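Q: Please take a close look at one part of this model. I am new to it, so keep the sentences short.

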Amino acid sequence: MLAVFVQAKTYDVVFIDYHLEDKNGLETAAMISEVIDKNNIIIMTSFLEWNKIEPEAHKLGIYHFITKPLFPSSIMNTINIVIGNIVIYKRENVFRFFLI
């Protein structure tokens, strides 16, 4: 899945779950930050867990997170923060999201 992401290089915002099978979300974020702007990466985790991983995330330049469970309003609020509160129109009027 990550290989597909790296080849495409067309995503505007990337959501990464902190709990992945082979590595954690921060390790994955560090890998893909070579392809996408770190400011466009959102880590999905619990609020309590974010407090534990926040220092490491900040060292990697990752500042955006969203807590689970996910709600449509919190997803849109986080996206608006990440993209700078601009209207969601880009590249053929569609933003491309990738969920890891």
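A: What follows is a walk from one strand, across a helix, to a second strand and the helix after it.

The model is predicted. Start at strand 1, residues 13-17. This strand is mostly covered, with five of its five residues buried. Its side chains split two ways. Val13, Phe15 and Asp17 point one way. Val14 and Ile16 point the other way. Both sets are buried.

Strand 1 has a partner in strand 2, residues 41-45. The two pair in the parallel sense, over four bridges. At one of these positions, Asp17 has Met44 of strand 2 as its bridge partner. Between the two strands, the chain passes through helix 2, residues 25-32. This β-α-β crossover is right-handed.

Next, look at helix 3, residues 47-59. How does its length check out? The helix has 13 residues, and at 1.5 Å a residue it should span 18 Å. Its end C-alpha atoms are 19 Å apart, so the two values agree.

Helix 3 also bends. The angle is about 55°, at Ile53. A proline, Pro55, follows within four residues.

Ile53 is also one of the buried residues of helix 3. The others are Glu49, Trp50 and Ala57. What covers these buried residues includes helix 2 and strand 2, both met above, and strand 3 (64-67).

End just past helix 3. There, Gly61 takes a positive phi of about 85°.

How values were computed. Residues numbered from 1 in each chain as written. Predicted model: local features only at pLDDT ≥ 70, side-chain atom pairs only at ≥ 80, totals over all residues. Heavy atoms only, no water. Buried < 20%, exposed > 50% of the residue type's maximum accessible area, 1.4 Å probe, protein only. Pairing = 2+ DSSP bridges. Right-handed = clockwise from strand over helix to strand, strands pointing away. Expected span 1.5 Å × (residues − 1). Bend = angle between axes of the 7 residues up to and from the residue. Contact = heavy atoms within 4.5 Å.
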